[in-house]
Amino acid sequence: MNFKALLTAAAIPAFATVAYAQTTTPAPSTAPSATTATTTPSVRTTGDAMAPQWYSTQQGEWRTSKLIGSKVQNKAGESIGDINEIILASDGSAAAAVIGVGGFLGMGEHHVAVQFKSLKIDRDTKGNIVITLDTTKDALKSAPAWSDTNT
């Protein structure tokens with residue numbers, strides 16, 4: 001009796017996997033759409049699966065993992081905040097940077113989102129990332145607070 005229960009319990013996930021793997025293919029459209037006739041898809045497809053497109057680092061790019069946590073300074077070289085997040089647009093481009101201003105050890109910090117293109121990102125002579133924003137700490141503190149209600 002125990003062997004039957006064990007065999008049944010082992011078979012259920014196997015059958016569920018087979019049922020889950022079955023998919024239906026949508027019927028092909030008889031008329032090509034205007035966008036397919038004039039554009040090339042940005043992602044190559046093989047059947048129903050999307051094939052990966054491999055990428056190599058390009059000159060002048062910045063890794064978000066290196067930008068998050070970086071200090072932001074004004075043109076006078078004074079620290080005015082630090083980058084807490086980078087917001088991506090639906091096309092994958094960097095839309096905004098969320099800068100934390102004030103506070104102590106992350107407590108009481110005021111978060112402000114600025115358009116990413118308003119940041120100047122460069123390296124100093126030692127190779128360290130330098131992020132500059134043409135504003136003051138007081139202007140950032142008085143700017144509207146950023147809210148993450150849509151993300």
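Two residues are in contact when heavy atoms of the two lie within 4.5 Å. By this criterion, in the predicted model, Val-114 touches Ala-95, Ala-96, Ala-97, Ile-99, Leu-119, Leu-133 and Leu-140, with residues up to four places away in sequence left out of the count.

Val-114 also belongs to the largest nonpolar core, which has 16 residues. Val-114, Ile-99, Leu-119, Leu-133 and Leu-140 touch the most other members of this core. Five elements each give two or more residues to the core: E4, strand E5 (94–101), strand E6 (110–115), strand E7 (119–123) and strand E8 (129–133).

The overall fold was described next. The secondary structure comes to four helices and eight strands. From the N terminus, the order of elements is α-α-β-β-α-β-β-β-β-β-β-α. The protein has 151 residues, and 17% of them count as buried. Contacts between residues at least 6 apart in sequence were also examined. Of these, 37% join residues at least 24 apart.

Two loop residues were then considered. Asn-74 sits in the loop between strand E3 (71–73) and strand E4 (79–88). Its relative accessibility is 7%, so Asn-74 counts as buried, the cut-off being under 20%. The side chain of Asn-74 takes part in two listed interactions within this region. One reaches the backbone nitrogen of Ala-76 at 3.0 Å. Another is a polar contact with the side chain of Glu-78, at 2.8 Å. Beyond its neighbours within four places in sequence, Asn-74 is in contact with Ile-80, Thr-132, Leu-133 and Thr-135. Leu-133 appears again here: this partner of Asn-74 is also a member of the largest nonpolar core and a contact of Val-114.

Ser-70 lies in the loop between helix H3 (64–67) and E3. Ser-70 counts as buried because its relative accessibility is 12%, again under 20%. Leaving out residues up to four places away in sequence, Ser-70 touches Gly-81, Asp-82, Ile-83 and Ile-131.

Finally, open space was examined. Rolling a probe the size of a water molecule over the atoms shows where empty space is left. The largest pocket has a volume of about 190 Å³. Its lining consists of Tyr-55, Thr-57, Gln-58, Glu-61, Trp-62, Arg-63, Lys-66, Arg-123 and Ile-129. Sorted by class, the lining has four charged, three nonpolar and two polar residues. The charged residues are Glu-61, Arg-63, Lys-66 and Arg-123. The nonpolar residues are Tyr-55, Trp-62 and Ile-129. Thr-57 and Gln-58 are the polar residues.

Key. Residues numbered from 1 in each chain as written. Predicted model: local features only at pLDDT ≥ 70, side-chain atom pairs only at ≥ 80, totals over all residues. Heavy atoms only, no water. 1 Å grid on protein atoms, 1.4 Å probe; cavity = no way out; pocket = protein on both sides within 12 Å on 5 of 7 lines; lining within 4 Å. Points joined across faces, edges and corners; volume = space filled by probe spheres on them. Buried < 20%, exposed > 50% of the residue type's maximum accessible area, 1.4 Å probe, protein only. Polar contact = N/O pair within 3.5 Å; in protein donor to acceptor, adjacent residues only side chain to side chain. Core = buried A, V, L, I, M, F, W, Y, C linked by side-chain atoms within 4.5 Å.
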